[in-house]
Amino acid sequence: MKKIILIFFGLLISCNTTGELKITNQWFRPAVKGMNTAFYFTIENNTNQADTLYSVNSDIAGMVQIHETFEKEGMMGMRQVDFVVVKPNSKIEFKPGGLHVMVMNLYSDYKKNSSADFELYFKQKGIVKIKAVTKL
Amino acid sequence: MLNKMGFKKLSFAIIIAFIFFGCGKDIPVIKDLGKSSYKLIDQDSTKFNFLQDLKGKTVVLSYIYTNCPDICPLTTHNIISIKNKLDNDGITDVEYVEISFDPERDSPSVLKNYAEVRGIKLNNWHFLTGDKKTVFNLLDEVNVRALPGDTTITPKNDTLYYFIHTDRISLIDKQGRLRINFKGSNANKNEIINSIKQIN
């Protein structure tokens, strides 16, 4: 009985935010089989609570990680980021030259106007499934 | 003696002359690469001597590795925009060169795929790779650095590595002189276009 009540309240809380955290402007760069690409999007958190993106997954590649581009002593590099917190009523852009999702070791070619499915895992919102299309 | 009207006309002429002829002399020479000779291969596996095969041409030069998902494609796409603008302006006698600092993975066919997936026409655009030592000697000469960074092991046990690298677009004039360097991924495209027009 306790479990049912907990699940009920859990669903109630999740219902309060469903639809209010959304992903927009999603796209990824064209790349061919065996190569890497980057997946970009905007997270719009229109809720009153922070949420955390902690993982991204896709069946199109051997590995998917959240990364950021950094500059050090005039050189550019990329490094993995464990999670990204999206504050209440704010948005975060994953964009070229900044935060991005690294999609590594593609299983197929993704040329112009190809599409792929991605799953974004949020602490509060849960899984958000989206489709993205390649663009240059 | 110049009257007021004559002085105005003279000032106007000086300004116009400065705009058309004066600016081109403002880009200093960083390094003379005119005698540089690095035996590389292009995306078609054709032998390519850098810089001897580019003599007499203005060169837009950049440095990439094709496994780079974010920074290097930005540089390439900036050059695509620059080339499109120059082509539209009727400036077609410019050569575009991208040198891979990851020659072990960036074979000619990989470079060709990188170009084709972006719709790059390769008539005056060359993707170059080659022997690692030769490539890095060339990079040393133009003061470009590329250091292997983090390594990732995929669930299928594939090893992936990235580079921490100089982010640059360089311009070389018709005399083979390195004239100016710009940021590659975050390029000021108009500034680069104006500089190309000045040195071309």
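The mean pLDDT of chain A is 89, and 86% of its residues reach 70 or more; pLDDT is the predictor's confidence in each residue, from 0 to 100. Over residues 8-18 of chain A the pLDDT is below 50, and in the model this stretch has five contacts beyond near neighbours in sequence. Two residues are in contact if their C-beta atoms, placed from the backbone, lie within 7 Å.

The model is predicted: local features need pLDDT of at least 70, side-chain atom pairs count only at pLDDT 80 or more, and totals for chains, interfaces and linings use all residues. Residues are numbered from 1 along each chain as its sequence is written, while chains are lettered from A and ligands numbered from 1 in the order in which they are written.

**The two chains**

Chain A contains one helix and 10 strands, in the sequential pattern α-β-β-β-β-β-β-β-β-β-β. Chain B has five helices and 10 strands. Helices (H or I, at least four residues) and strands (E, at least two) are DSSP runs, numbered from the N terminus. A residue counts as buried if 20 or more other C-beta atoms lie within 10 Å of its own, as exposed if 12 or fewer do, and as partly exposed in between, with C-beta atoms placed from the backbone. Buried residues account for 31% of the 136 residues of chain A and for 40% of the 200 residues in chain B. Among contacts between residues at least 6 apart in sequence, those joining residues at least 24 apart make up 69% in chain A and 66% in chain B.

**The interface**

Across the interface, 27 residues of chain B are in contact with 25 residues of chain A. On the chain B side, α2 (71-88), β7 (146-153) and β8 (159-166) each supply at least two residues, and β8(B) gives the most, with five residues. By class, this side of chain B has nine nonpolar, 11 polar and seven charged residues. Here Ala, Val, Leu, Ile, Met, Phe, Trp, Tyr, Cys and Pro count as nonpolar, Asp, Glu, Lys and Arg as charged, and the others, Gly among them, as polar.

Strand pairing also links the chains: two bridges join β5 (residues 75-80) of chain A to β8(B), and these strands run antiparallel. Strands pair if DSSP finds at least two bridges between them. Met75(A) has Thr166(B) as its bridge partner in β8(B).

**Local backbone features**

In chain B, β2 (residues 38-41) is joined to β3(B) by four bridges, and the two run antiparallel. Ile41(B) stands opposite Lys47(B). The hairpin of these strands has five residues between them. Along β3(B), Phe48(B) and Phe50(B) point to one face and are buried, whereas Lys47(B) and Asn49(B) point to the other and are not. Phe50(B) is also joined to Leu51(B) by a cis peptide bond, with omega about 20°. Leu51(B) is placed in the loop between β3 (47-50) and β4 (58-64) of chain B.

Positive phi values occur at the following residues.

| Residue | Phi | Location |
|---|---|---|
| Glu73(A) | near 50° | loop between β4 (61-72) and β5 of chain A |
| Ser45(B) | near 65° | hairpin of β2(B) and β3(B) |
| Asn143(B) | near 60° | loop between α4 (132-141) and β7 of chain B |

Glu73(A) counts as exposed because it has 6 C-beta neighbours inside 10 Å. Asn143(B), with 13 C-beta neighbours inside 10 Å, counts as partly exposed.
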